[in-house]
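Me: I should like to take a close look at a single part of this protein model, together with its surroundings. Please keep the account formal and explain each term as it arises.

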Amino acid sequence: EVEAVRQAWAAFQTAAGSRDAAGEAICAAILEAAPSLQGLFKTPRSVLAMRFFSGIGDIVRKVHDPAALKVAVETLGFKHLDVEVTTPRVNLICEAIVDLLQIELGEPFTPMARNSWYDILNYAGSAFITLRTRYSDRLRILAKSWTQANREEHAGEGERGEEHTDGADVAVRVPTNDVVAEDGPKKKGHKRKGWFGLKSSSGGRGSIGSDKDSRNDNGVNASIPRNFQDMFRFNAIVMGYGSRVWMKEITSSIEAIVTNFSSPNRVQEELEVLALRLAKYRTNITFPEYKAVMLASLRSLVKDWDALHELAWTWLWETAQRTLDANMGKHSPQEDALRKFLGSLDEKDRAFIRDQIYKTFFSLAPVSEDYFKRTTSRLHRMVDKVVAMTLEMYREPANTVEELSALGLRHVGYGIPTDLFGPWASSCVQVVGSIANDGNALESFSWSLGLISRILVRVVSEGSTVVMKAINANCGAQLRRA
């Protein structure tokens, strides 16, 4: 049965001709069989098609290994936590995929292969339903404990320092003359400040060992950090990870990850941007080191920490790490492929892209013409900016995200419907794909544009408050009600 599943998948890819075509065929089959599911998908059609292909392909590759298959299905299930997965919907999707394989493969798609595909798809769908129910308690634990870990008045209680006398979670004895260097080992008598400088009790910031007033006669730091950020820095130094400058990137994103963990799409976005930032570090990144410091810090700050907290936070980190692991190492080659492709475009190619994107876009979404009543030169500059931004997302992810946030807020003022971002991204991918000879470059362009589109949709959705809607509608009555 396992071999039948794998052979059918390989034959389907061959019949489709490319991964993009295979993903589009699956996407079309599902949405045609169940048009009501269209509203559940917020990503552009081209990105959605690739996700269908990648998700099913990952399951097929691991179908022979039950343990690996379980991890793959749980990872996909997490990404569907905010979707109401039901048995009827699972059955519709299973029927659509199996019928597509039957049509494309014909007689080679044997009854045994058909039944095997039903089994594996139903297993995945059932797991999605189960996971959504099981993880609701963990999400509540995460939310409550994160609030406690960042409640300074709680963290400042003196008795918390007495509960960890074994030094496992918060080691407070630090040699006064040793200072952690940002990019190397400790150097005696040579003070260098890295990102692990702690905020002192008076509100200032300095290296461990520089605040003499906060120490007693035994050299013990009497001022216990009061929140997760400071406790993490403290424990990182004590546990010997003071030179791991890359940890600051994860720490700067951890709040967004935790507070949005019930929204997989938002977490996926944050983790993908984080992976781009981490790709800029030319050093070995060991995620278990961060996990150890994170858990030690949380144990010190959460008063009622128990086995359920340990389980919930371990689940959060392992889920996040799987996404990071899947992205690590691939962004540099993607950036190189996209840079070479864009650099090879001459003015004729660029003019073709500018003209065809709008023709394709207006064909996919005729209503969009009402929002693009601008001069031709300005419309062309918009396309040039979008194309350039796909490469900037790899080069300068942090700055690009800030720029996208500002751009999204401007779109709130323009009153642009978020429904148009999907067709726009699909149009760009379709047109660029028509002249791209390098499949890696097209995949890099599509991935970056998909991330850009999701960020813009989120910013516009979050910024579309009742007040902004009333202003856009130029309605005084709505504004007064707001």
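What follows is a request about one core, and then a connected answer.

Me: Which residues touch the most other members in the largest nonpolar core, and which helix gives the most to this core?

Reply: The model is a predicted one, in which local features need pLDDT of at least 70 and side-chain atom pairs count only at pLDDT 80 or more, while totals for chains, interfaces and linings use all residues. Residues are numbered from 1 along each chain as its sequence is written, and side-chain values use heavy atoms, with hydrogens and water left out.

The setting comes first. The chain holds 22 helices and four strands; these are DSSP runs numbered from the N terminus, with helices (H or I) of at least four residues and strands (E) of at least two. Of its 482 residues, 47% count as buried. Buried means under 20% relative accessible area, exposed means over 50%, and partly exposed lies in between, with a 1.4 Å probe and protein chains only. Among contacts between residues at least 6 apart in sequence, 75% join residues at least 24 apart. A contact means heavy atoms within 4.5 Å.

The core itself can now be described. A nonpolar core is a set of buried Ala, Val, Leu, Ile, Met, Phe, Trp, Tyr and Cys residues joined through side-chain atoms within 4.5 Å. The largest one has 45 residues, and F341, F445 and I455 touch the most other members. The elements giving two or more residues to this core are helix 12 (264–278), helix 15 (331–344), helix 16 (347–364), helix 17 (376–395), helix 18 (397–414), helix 19 (421–435) and helix 20 (439–463). Helix 20 gives the most, with 12 residues. Leaving out residues up to four places away in sequence, F341 touches V432, I435, A436 and A441. Another core, of 43 residues, lies apart from the largest one and has L37, I59, V63 and C94 among its members.

Helix 20 also holds a serine, S444. S444 has a relative accessibility of 1%, and therefore counts as buried. Residues up to four places away in sequence aside, S444 touches Q334, A337, L338 and Y394. With Q334 there is a distance to note: a polar atom of the S444 side chain lies 3.3 Å from the backbone oxygen of Q334. A polar contact is a pair of N or O atoms within 3.5 Å; within protein, one must be able to donate a hydrogen and the other to accept it, and residues adjacent in sequence count only if both atoms are side-chain atoms.

A second side chain allows a similar reading. T314 lies in helix 14 (residues 307–327). T314 counts as buried because its relative accessibility is 16%. A polar atom of the T314 side chain lies 2.6 Å from the backbone oxygen of E310. Neighbours within four places in sequence aside, T314 is in contact with K291 and L295.

A last residue, F228, lies in helix 10 (residues 228–238). The relative accessible area of F228 is 0%, so this residue is buried. The residues that F228 touches, not counting those up to four places away in sequence, include W146, A149, Y290 and L301. F228 and V302 are 74 residues apart in sequence, while their C-alpha atoms are 9.9 Å apart in space.
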